[in-house]
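Please take me through this model in the viewer, one selection at a time, saying at each stop what is there and how far the coordinates can be trusted.

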Amino acid sequence: DIYIINVRFAGDIIYEKHFPETLSEIEDTAMPGMILQPIVENAVQHGIREMLGEGMISFTIEVEEKYIRLIISDNGIGMTEEEINAVMQGKRRTESGSGGSGAPGNSNGIALDNVLKRLSLYYNREDLLRISSEGKDMGTEVEILLPLKRGDLTDVSNIDS
């Protein structure tokens with residue numbers, strides 16, 4: 001829960017949420033459990049914790065024709081393209097360094113790797129999670145695409161950002 005995380009960091013995190021006016025069209029959408037908490041914790045631990053100034057985490061839900069887009073973004077230290085690729089390929093386990101899902105000393109990227117695996121197993125797809133960052137000190141954005149119905153999402157490779 002973001003409020004518990006905020007207490008741990010002395011209330012220096014601003015949390016914003018942007019949801020559709022009604023969530024009724026997505027109430028019955030199934031998704032694997034525990035996919036959001038690790039992403040938010042990574043945003044705090046690796047994006048905001050080491051930065052100067054006030055951290056911000058934003059959670060957005062966008063409902064489109066056949067899928068739901070969940071977006072968690074922060075205004076933290078950002079990630080390089082190499083760091084993003086390492087995380088997405090599951091190679092970020094033993095390295096240390098900076099980055100939204102990387103490891104500044106006390107983590108090894110297993111939480112995000114776990115989210116990737118659970119999404120893949122649940123939907124039988126490997127392209128439902130994207131990480132983007134404009135670079136150093138530009139924040140990180142993690143986007144998850146969930147089919148409104150388990151079989152509805154046939155190809156997300158051409159979906160506009």
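Begin by selecting helix α3, residues 81-88, in this predicted model, and colour Glu83, Ile84, Ala86 and Val87, which are the buried residues to look for along the helix. If you then turn the view until you look down the axis of α3, these buried residues fall within an arc of 165°, so they line one face of the helix. Just after α3, stop at glycine 90, where the backbone takes a positive phi of about 70°.

Next, display the second largest pocket, which holds about 180 Å³ of space. Its lining is made up of 13 residues, and those to select at the start are Met88, Leu116, Lys117, Ser120 and Glu126, the closest to the pocket's centre. Helix α4, residues 110-123, gives the most to this lining, with five residues. Coloured by class, the lining of this pocket divides into five nonpolar, three polar and five charged residues.

Finally, colour the whole chain by pLDDT, which averages 77, with 73% of the residues scoring at least 70. Among the elements of the chain, strand β4, residues 129-132, has the highest mean at 94, whereas helix α1, residues 2-8, has the lowest at 53. Select residues 93-108, where pLDDT stays under 50 although the model has 47 contacts for them beyond four places in sequence, and then residues 150-158, also below 50, with 18 contacts beyond near neighbours in sequence. Where pLDDT is low, the predicted coordinates should not be read in detail.

Terms used: Residues are numbered from 1 along each chain as its sequence is written. This is a predicted model: local features need pLDDT of at least 70, side-chain atom pairs count only at pLDDT 80 or more; totals for chains, interfaces and linings use all residues. Side-chain values use heavy atoms; hydrogens and water are left out. pLDDT is the predictor's confidence in each residue, from 0 to 100. Helices (H or I, at least four residues) and strands (E, at least two) are DSSP runs, numbered from the N terminus. Contact means heavy atoms within 4.5 Å. Buried means under 20% relative accessible area, exposed over 50%, partly exposed in between (1.4 Å probe, protein chains only). The arc is that of the directions from the helix axis to the C-beta atoms. On a 1 Å grid over the protein atoms alone, a cavity is a set of points where a 1.4 Å probe fits but cannot get out, and a pocket is an open set with protein on both sides within 12 Å along at least five of seven lines; lining residues have an atom within 4 Å of a point. Grid points are joined across faces, edges and corners, and a volume is the space filled by probe spheres set on the points. Ala, Val, Leu, Ile, Met, Phe, Trp, Tyr, Cys and Pro count as nonpolar, Asp, Glu, Lys and Arg as charged, and the others, Gly among them, as polar.
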